[in-house]
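Take a look at how the two chains meet, and then at the space enclosed between protein atoms.

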Number of protein chains: 2
Amino acid sequence: MELNGVADLPEIRPGDDIAALVADRAALEPGDVLTVASTIVSKAEGRTADLEDYPVSGRAQEIADRIADLAGEEKDPRFAQAVLEESTELLIDAPFLLTETRFGHICVNAGIDRSNVPDHDLLLLPKRPAESAERIRTGLEQQGIEDVAVIVTDTCGRPFRHGQRGVALGWAGMPASRDWRGELDRDGHELGVTVQSVVDELAAAANLVTGEAAAGTPAVVVREWEFGDLEGSDELFRSVEDDLVRQALREWRVDG
Amino acid sequence: MELNGVADLPEIRPGDDIAALVADRAALEPGDVLTVASTIVSKAEGRTADLEDYPVSGRAQEIADRIADLAGEEKDPRFAQAVLEESTELLIDAPFLLTETRFGHICVNAGIDRSNVPDHDLLLLPKRPAESAERIRTGLEQQGIEDVAVIVTDTCGRPFRHGQRGVALGWAGMPASRDWRGELDRDGHELGVTVQSVVDELAAAANLVTGEAAAGTPAVVVREWEFGDLEGSDELFRSVEDDLVRQALREWRVDG
């Protein structure tokens, strides 16, 4: 398996055609996987915003006040308002905001970025990253590039383990995970591990190449990797019913 | 960045020298990262066990009974006993066991594997994976191979997202994460993302090459990847104080 960053992508602006920009700079081949950082997808989709766009509700004011108290420094309630507007559920409301975004992804501050935006205060996540991935895939086909899977990625933290790692937000042209049920190990026993989240692993791998700083390459080509002849699934984001941790956080908030 | 599985490793037996077996099959170079699945590390370290090794405590019986009730099928209380003995804290006790292992890793069933073991019932995780990684690294040096970082990996599930992905259990010759604090993005703003868990991303990337089934390659060489000139940290496993989800799970258990 080989990963290469797409060199020399320009600063992305609203309306830019990411597929065309990548196709000009990388010799994509059938079977490749293209990962694209949500940062540039959001920029191309014009998902920037300003704090003044968010008139503050009572709830946002309350949240910002509480976080400010805990942090011992002022917090802009308009930012809390932006996070609420991008979210369908608040899982943790202090000392930071952990929410479920409208497309099902759970992350801090609804993934809203306060760096990486030249002319605005905020960069929101793509509205529907699966559709973004599909659009880029279609764009590649229009450039004559067939059979390239596309993953829109982000980085985020997680419980139990420090640090952030790359994750998939949306994907097209491949399933999210592969299912090893019924496959046998070297000793002929059925495998304990059943579902492997390959889009997340590809996003994590790509993030090692992407980097974060000025020299970062937000698009990465993964070559010589095959999904293989296994069943696939597109379930990536857990619902409350499937997630004891989400259930525990709900009760904790009620009691706390 | 390039990842290649180490081909033709034999079935690993207690006392096997993984470093020598890998060095015979892969032309490792300075700067490479070698990932090794905990399965073969455990086998080399003789971390197999049998259910009859675990006389059942009252607590294990209680846990097994409750899980059996919920699952509607019998559960062997000796397995619950094995999980308890490998763990320092039980985070979730039904419908499955989520524990903190003795070396700080949080996973289901203390990572005990019931497949992948030819002559025994159970394969336990390595006792101290960081020491295992260091030992393999030293073994490589004894083969004349200098400056190769080693990561002992496993796969496990996580809250919020379906599926399993590769994670690092222990590492040597590199820090667990790199710290981007103070680095600037393309627009000159300080980065929001600060700590990138590179050992987990490397483990996830390697797991795409490893595969799970009979044809699996449990050791993978990562080439042309550089940690870079950034501060590093070896903190990977969150303590309760650093982890609101762990705190919520503690209270949930008490109330539930």
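**The interface and the cavity**

The contact (heavy atoms within 4.5 Å) takes 77 residues from chain A and 77 residues from chain B. This is a predicted model, in which local features need pLDDT of at least 70 and side-chain atom pairs pLDDT 80 or more, while totals for chains, interfaces and linings use all residues. Residues are numbered from 1 along each chain as its sequence is written, chains are lettered from A in the order in which they are written, and side-chain values use heavy atoms, without hydrogens and water.

About 6700 Å² is buried between chain A and chain B, and carbon and sulfur atoms give 56% of that area. Buried area is the accessible area (1.4 Å probe) lost on putting two parts together, summed over both.

Four salt bridges cross the interface of chain A and chain B, a salt bridge being a side-chain nitrogen of Lys or Arg within 4 Å of a carboxyl oxygen of Asp or Glu. B:Arg161 forms a salt bridge with A:Asp200, with the closest N and O atoms 2.8 Å apart.

A:Asp200 also appears in the lining of the largest cavity, along with residues including A:Arg158, B:Arg158 and B:Asp200. On a 1 Å grid over the protein atoms alone, a cavity is a set of points where a 1.4 Å probe fits but cannot get out, and lining residues have an atom within 4 Å of a point. The largest cavity has a volume (the space filled by probe spheres set on the points) of about 70 Å³.

Conventions:
On a 1 Å grid over the protein atoms alone, a cavity is a set of points where a 1.4 Å probe fits but cannot get out, and a pocket is an open set with protein on both sides within 12 Å along at least five of seven lines; lining residues have an atom within 4 Å of a point.
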